[in-house]
Amino acid sequence: MLFFEDIAVGHKARFGRYAVTREEVLDFASKYDPQPFHLDDEAAAKTFFGKVSASGWHTCAMTMRMMVEQMQDKKIQTTGSPGVDKIRWRTPVYPGDVLSVRSEVLGKKDLPSKPDMGIITAAYEVLNQDGVVVMTFEGAGLYHRRPI
């Protein structure tokens, strides 16, 4: 198991594999971001996207899935997040893309109000199968301290 004390500032990781399907792109967009360029080939062809693309919010959700799988695989003792900052959708995500995540720990902070926890902030890059960065953001996570 990995606790707050086990994770160093500057630590880098590469993880995840998420294959983006057309069916999922259309399903997510129809429910949560029903803009024509996420739903219709003809409409998307008239935009800079050129074809149906995933919603940025869908990209966030796919990234979250990869992050949770990483936490479970590494038995990282975390319990939620106070938030994310600086989300940027750099390049469209298309059906057929395969996403992965690269991260770097930026900082750690004690929580005086919760002595059994700390906050770790990290920078994240989401990449497609060609290594192109499609999304960036900074996130903070609440991590458990090692029990005494």
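Which residue takes a positive phi just after helix 4? In this predicted model, local features need pLDDT of at least 70 and side-chain atom pairs count only at pLDDT 80 or more, while totals for chains, interfaces and linings use all residues. Residues are numbered from 1 along each chain as its sequence is written, and side-chain values use heavy atoms, with hydrogens and water left out. The residue in question is Lys75, with a phi of about 55°; helices (H or I, at least four residues) and strands (E, at least two) are DSSP runs numbered from the N terminus.

Helix 4 has 19 residues and reaches 27 Å from its first C-alpha to its last, close to the 27 Å expected at 1.5 Å a residue, the expected span being 1.5 Å times one less than the number of residues. Among its buried residues (under 20% relative accessible area, 1.4 Å probe, protein chains only) are Gly56, His58, Met62 and Met66. The buried residues of helix 4 pack against helix 1 (22–32) and strands including strand 1 and strand 3.

The five strands form an open sheet in the order 1-3-4-5-2, with antiparallel pairing, where pairing requires that DSSP find at least two bridges between two strands. Strand 1 (12–19) and strand 2 (83–89) each have a single partner strand, so one side of each is left without a neighbour in the sheet. Strand 4 (residues 117–127) and strand 5 (residues 133–144) pair over 11 bridges, with Ile120 opposite Gly141. In the loop between these strands lies Asn128, which counts as buried at 9% relative accessibility.

Conventions
Buried < 20%, exposed > 50% of the residue type's maximum accessible area, 1.4 Å probe, protein only. Contact = heavy atoms within 4.5 Å.
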